[in-house]
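Student: Got a minute to walk through this one with me? I'd like to start with the charged side chains and then wander a bit.
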Amino acid sequence: MVRPRPLEFDKQKIVAENRRARYDYHLDEKFEAGIMLTGTEVKSLRFGSGTIAESYAEVKDDEIWLINANIPEWSHGNRYNHEPKRPRKLLLNRRQINKIHGAVMRKGMTVVPLSIYFNSKGRAKIELALAKGKKAPDKRAAEKDRDWKRQQGRLLREHG
């Protein structure tokens with residue numbers, strides 16, 4: 001019997017978040033993946049530095065790679081430090097990789113990283129989403145809805 005997936009992932013400490021992704025893309029399905037990191041990368045992430053604002057994931061040779069994520073060098077790493085923007089392999093189940101690969105090839109979707117975090121076991125994880133790009137009118141409509149909801153909240157607070 002298949003173990004049910006939790007609705008939300010176990011995020012203890014969020015290191016980096018891609019808040020722009022929710023504005024630029026229609027997010028479809030979310031995945032949690034492990035990241036293959038070196039020792040100094042883990043130390044740098046635990047220190048709280050790292051950005052995934054301009055990063056994306058791509059499928060190469062039946063593997064998924066995180067491209068353009070910036071994890072800065074660790075201050076005490078001397079000659080064993082890592083390259084800040086190197087491609088990093090993501091760890092997913094074969095079924096998940098096939099699902100992502102099919103969506104990217106057939107439906108023209110992109111794989112967008114949403115956040116890097118540490119779970120309760122202390123492992124570095126990344127939250128990925130299958131996404132489709134928004135057009136300018138969609139972005140304006142989303143902004144309009146968000147402003148209207150904010151205004152509704154103000155009106156309800158003022159007039160009870």
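**Salt bridges and surroundings**

Tutor: Sure. The side chains of R20 and D24 meet in a salt bridge, at 3.3 Å from N to O. Keep in mind that this is a predicted model.

Student: Where do R20 and D24 both lie?

Tutor: Both are in helix α1, which covers residues 20–24. They are 4 residues apart, about one turn of the helix.

Student: And is D24 buried or exposed?

Tutor: D24 has a relative accessible area of 18%. The cut-off for buried is under 20%, so D24 counts as buried.

Student: Which other side chain does D24 meet in a salt bridge?

Tutor: K139, with 3.2 Å from N to O. That pair links distant parts of the chain: D24 is in helix α1, while K139 is in helix α4 (residues 136–159), 115 residues apart. Put together, R20, D24 and K139 are linked in a network of salt bridges.

Student: OK, how many salt bridges does a search of the whole structure find?

Tutor: It finds 9. Another of interest is E41 with R88, where the closest N and O atoms are 2.9 Å apart.

Student: What does the E41 and R88 pair tie together?

Tutor: E41 lies in helix α2 (residues 39–46) and R88 in strand β5, so the salt bridge ties together parts that are 47 residues apart in sequence.

Student: Are those two buried or exposed?

Tutor: E41 is at 0% relative accessibility, so it counts as buried. R88 is at 1%, so R88 counts as buried too.

Student: Switching to the surface. Which residues gather in a patch of positive charge?

Tutor: R106, K107, K132 and K135 gather there, on the surface. Take K107 as one example: it is found in helix α3, residues 94–107. Its relative accessibility is 55%, so K107 counts as exposed.

Student: How many positive and negative side chains does the protein have?

Tutor: There are 35 positive and 21 negative ones. The centres of the two sets lie 2 Å apart.

Student: Back to helix α3 for a second. Is A103 buried or exposed?

Tutor: A103 has its place in helix α3. With a relative accessible area of 7%, A103 is buried.

Student: What does A103 touch, not counting residues up to four places away in sequence?

Tutor: With those neighbours left out, A103 touches G108, M109 and L130. You can also look at A131: the C-alpha atoms of A103 and A131 are separated by 9.5 Å, and the two residues are 28 apart along the chain.

Student: New topic, backbone angles. Which residue other than glycine has a positive phi near 60 degrees?

Tutor: That's D62. D62 is found in the loop between β3 (56–60) and β4 (63–67).

Student: How exposed is D62, and what does it touch?

Tutor: D62 is at 46% relative accessibility, so it counts as partly exposed. Leaving out residues up to four places away in sequence, D62 touches R94 and I97. As for R19, its C-alpha atom is separated from that of D62 by 28 Å, with their positions 43 residues apart along the chain.

Student: And which residue has a positive phi near 70 degrees?

Tutor: N68, again a residue other than glycine. N68 sits in the loop between β4 and β5, where β5 is 88–91. Its relative accessible area is 26%, so N68 is partly exposed.

Student: Let's zoom out. How many helices and strands are there?

Tutor: There are 4 helices and 7 strands. Read along the sequence, they follow the pattern β-α-β-α-β-β-β-α-β-β-α.

Student: What does the C-alpha trace span along its principal axes?

Tutor: About 60 × 40 × 40 Å. The protein has 160 residues, and 33% of them count as buried.

Student: What about the accessible surface?

Tutor: The total comes to about 11000 Å², and 50% of that belongs to carbon and sulfur atoms.

Student: Last one: what share of the contacts with a separation of 6 or more comes from residues 24 or more positions apart?

Tutor: They account for 67% of those contacts. The D24 and K139 salt bridge we talked about is one pair that links distant parts of the chain.

Conventions
Residues numbered from 1 in each chain as written. Predicted model: local features only at pLDDT ≥ 70, side-chain atom pairs only at ≥ 80, totals over all residues. Heavy atoms only, no water. Patch = residues over 30% accessible without salt bridge, like charges linked within 9 Å, V, L, I, M, F, W, Y side chains within 5 Å. Areas by Shrake-Rupley, 256 points an atom, 1.4 Å probe, with all protein chains shown as cover. Salt bridge = Lys/Arg side-chain N within 4 Å of Asp/Glu carboxyl O. Lys, Arg positive; Asp, Glu negative; His and termini not counted. Charge placed at Lys NZ, Arg CZ, Asp CG, Glu CD. Helix = DSSP H or I, 4+ residues; strand = E, 2+ residues; numbered from the N terminus. Buried < 20%, exposed > 50% of the residue type's maximum accessible area, 1.4 Å probe, protein only. Contact = heavy atoms within 4.5 Å.
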